[in-house]
Amino acid sequence: MKSKVKIALAGNPNVGKTVIFNGLTGSRQHVGNWPGVTVEKKLGKYTHHDMNIEVVDLPGTYSLSPYSIDEKVARDYIVEEKPDAVVNIVDASNIERNLYLTVQLLEAGANVVVALNMMDEAEAKGMKIDTEKLSEILKAPVVPMVAVKGIGFKDLKDAIYEEVKKHKEHRHMSIGYGREVEKAIVSLEGDVGKCPGLKKYRKRWVAIKLLENDKEVIQKVRDGGCMDIIKKAESIREDISKKLDDPETYFADKRYEFVDDILGVVLIKGKKVWTFSDMLDKVLTHKIFGIPVFLAMMWATFQFTFSVATPFMDAIDVFFGWLGNVASSNISNPALQSLVTDGIIGGVGSVLIFLPNIFLLFFVLSLMEDSGYLSRAAFVMDKAMYKIGLSGKSFVPMLLGFGCNVPAIMATRTIEDRKDRLITILVNPLMSCSARLPVYILFAGAFFIGIEGSVIFSMYLLGIVLAILMSLLLRKLFFRGKPSPLIMEMPPYRMPTVKSSAIHMWEKGSMFLKKAGTIIFLGVVIIWFLSTYPGGAGSDIENSYVAMLGHWVQPIFAPLGWDWKAAVALVFGFVAKEIVVGAYGTFYGIGDADEENQILRGALQGAFTPVSAYAYMAFALIYVPCLATIGVIKQETGSWKWTLFAVAYMMGLAYLVAAVITAAGHLLGFA
Amino acid sequence: MNGKVRVIGVYSAIIGIAYMAYGLIEMISWATGAMDMPLSPSQDIFAGFILLIIGSILVYRIKALLDMKYEGLSFLLVGLVLSAIIGIMYMLIMGADALDAAIIGEHWEFDAAAYNLPAIALFILLLPGWLIIKGRDEFGE
């Protein structure tokens, strides 16, 4: 019988944790959330010799001090769940900063295996690391790796296996904190040992955390009913403050000193050589070229996404055309036939056609993220944003908004300043999420043949410009003061692997598939019902409920040149943007057509001009992205006032921008 | 190496100037409409802007490159990478269109403007520039 063990992967952000997680577990993984928080929890499994090993991928953190949700999640798992081993992934080319977390893991009593990743980059920098010596000092196995090239996985699996088998519970690597502080730690350790509620924790770790004034640990001691220890720790802390330094700073300094001492023994630094990362950064973060290159990359992304997806779109189109024909020739009941062909196949099919675009977009964004370029994009944009009074910290959640606004708004939790956070939440929906892409592709393909990629890119650009302008306006009107500065790490560039990017693409793109099977399906069935009745199947859509609703709403949009179908599609798009396209598919009843995409485009050409189509795309970009986004704005702001404000300003801005485009188009003589 | 750097450096700068010129033509053609040229531009302002940026990067620190400085090599490297991204992207678009024609049963024809032939040609012409990167250890601060 095979034994079951649990291991955790811990490390700083951008050290190759995901690559190692994927390398260890392959396809045997699933994603969930940590209890009580919206931090992603990845679990995977693999078997090695006689051991079934469950792998938990902890969030990337720089330390185990619980300042952020990610750090709290990682620390709680290590000290509470006590996995059989913690694989600490260390970036060898950045070993000094990474070892700080290693030291904290060992202090917490974790059974650590160090995966010394990116050895090739360290060597490229001229660094030589004595891994045996390092292992001796840390009293933990150290495995050199180049995970992206698949180097070191066998050794890592063996090291984990051996470490779990040996199960060295009491590792005695300890940092010396100076005679006086050590005396205090030992004294507190004795008290902690007597407190029944603290038996599961390493005594020395609890003592150090009490002296660091760690609120979470203090609460644990309080819950254990050992108030005396808290009082004693408080008095020692005051003493340290008077004689030495702020205790928190003191302990951090001592850990860094310890890391320096280790490196003095195990690391030989070579002469400064320019790595490829250094050379690329010279231009990609350049004050003149940084932003233009970022724009070039985004343009290429959308050009690629639109054009290369075409054959796959047409293949899906042909499939749905065939499916529609099969359905209509096999279903005799007119109402059911209409529901299946016009409603379900026409509606859901017209949305699913855009699946290749969405997958390709996520694939390219994953390539950019995995290569390390997106960090540079955040950096170059931060400079520009800070100059006009915006927080650079907002840019990372804004970039996430290109995928989906819901997690992007949740990601604003990393912004400590409330004003900066509120501004970011309020403008985030202006970043064009993947749900808007089907609308752009449909209209660009119908009206801007030959320059579709650039027209789609212009929508994304418009979103960015509006987000910047709105941030500026909100800062001036409601949130006066200076934005907080952005401090971020630039990971070295890495050659992205197709496998890792494909996994990222699937994780994000499959959300679209789930949506198509649930909310979009439900939406198009409702739209089919409203556009078929009261007359019944085959009746004129002009006499349907949806036409009544459309004629009622249409006067609002009449100055923009849109008909009632356009108006009503926007109303349903409130639930999810893809439904705008699904609604058109249902209105034109194209489920049994062989080339439904072409027919839909032809129908649109009869209802819009290029100017009114462009204005419609802009409106679809700006007005509220979906119900889920409204929900998350309420959840994250904790205020109905700001939620309603967000909905109102986006509606107003959408109308204003669409009106300006229409007026400018007419003034310039475009039809 | 120095002589080789000089030759390839000057050659890359010439290609850079060609990129800039064609980028400008693309941008002007967007504003003025179709141009009567052997290689008619696609009239895509963004495509023009990107070509202009690639050309500028290739030319911007040419002196530093000829002086065997890393900074010059950095600009050449990024120019080469961007040129490859754009060139390969247009080739993929061409392949995708050919595949699409096969799927829907239409006849496919090569369209120099749609596939931005000059961008593909300049990418191919710039390929010798990669030869310098191999000898990067000989560069200095």
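Two residues are in contact here if their C-beta atoms, placed from the backbone, lie within 7 Å. By that criterion, among contacts in chain B between residues at least 6 apart in sequence, 71% join residues at least 24 apart. In chain A, 73% of the contacts between residues at least 6 apart in sequence join residues at least 24 apart.

This is a predicted model, in which local features need pLDDT of at least 70 and side-chain atom pairs count only at pLDDT 80 or more, while totals for chains, interfaces and linings use all residues. Residues are numbered from 1 along each chain as its sequence is written, and chains are lettered from A and ligands numbered from 1 in the order in which they are written.

**Confidence and overall content**

The predictor gives the complex an ipTM of 0.94 and a pTM of 0.68. For chain B the mean pLDDT (the predictor's confidence in each residue, from 0 to 100) is 89, and 95% of the residues of chain B reach 70 or more.

Helices (H or I, at least four residues) and strands (E, at least two) are DSSP runs, numbered from the N terminus. Chain A holds 30 helices and nine strands. Chain B has six helices and zero strands, in the order α-α-α-α-α-α along the sequence. A residue counts as buried if 20 or more other C-beta atoms lie within 10 Å of its own, as exposed if 12 or fewer do, and as partly exposed in between, with C-beta atoms placed from the backbone. Buried residues make up 51% of the 671 residues in chain A and 42% of the 141 residues in chain B.

**The interface between the chains**

The contact between the chains takes 25 residues from chain A and 28 residues from chain B. On the chain A side, α12 (276-284), α13 (290-308), α14 (310-330) and α22 (452-477) each supply at least two residues. Of the elements of chain A, α13(A) gives the most, with nine residues. Ala, Val, Leu, Ile, Met, Phe, Trp, Tyr, Cys and Pro count as nonpolar, Asp, Glu, Lys and Arg as charged, and the others, Gly among them, as polar. On that basis, the side of chain A that touches chain B has 18 nonpolar, five polar and two charged residues.

**Helix geometry**

The expected span of a helix is 1.5 Å times one less than its number of residues. Helix α1 (residues 2-32) of chain B has 31 residues and should therefore span 45 Å; its end C-alpha atoms are 44 Å apart, which agrees. Gly33(B), with a positive phi near 95°, follows α1(B).

In chain A, helix α21 (residues 437-447) packs with helix α28 (residues 610-622) at an angle of about 170°, their axes lying 10 Å apart. Axes are lines fitted to C-alpha atoms, for helices over the stretch in contact, and angles run from 0 to 180 degrees between N-to-C directions. The angle makes α21(A) roughly antiparallel to α28(A); angles under 35 degrees count as roughly parallel, over 145 as roughly antiparallel, 65 to 115 as roughly perpendicular and the rest as oblique. The contact is made by Val439(A), Tyr440(A), Phe443(A), Ala446(A) and Phe447(A) of α21(A), and by Pro610(A), Ala613(A), Tyr616(A), Met617(A) and Ala620(A) of α28(A). By class, this contact has 10 nonpolar, no polar and no charged residues.

**Individual residues**

Two residues that are not glycines have a positive phi. Their settings are listed below.

| Residue | Phi | Loop | Other C-beta atoms within 10 Å |
|---|---|---|---|
| His49(A) | about 50° | between β3 (40-48) and β4 (51-57) of chain A | 10, exposed |
| Asn116(B) | about 40° | between α4 (70-104) and α5 (117-126) of chain B | 29, buried |

A cis peptide bond, with omega about 10°, joins Tyr533(A) and Pro534(A). Pro534(A) is found in the loop between α23 (498-532) and α24 (545-557) of chain A.

Asp370(A) lies in helix α16 (residues 355-371) of chain A and counts as buried because it has 23 C-beta neighbours inside 10 Å. Leaving aside its neighbours within four places in sequence, Asp370(A) is in contact with Arg494(A), Pro496(A), Ser500(A) and Ser501(A). The C-alpha atoms of Asp370(A) and Gly16(A) are separated by 9.2 Å, although these residues are 354 apart along the chain.

Val660(A), in helix α30 (residues 640-667) of chain A, is exposed, with 12 other C-beta atoms within 10 Å. Val660(A) and Ala615(A) are 45 residues apart in sequence and 8.4 Å apart in space, C-alpha to C-alpha.
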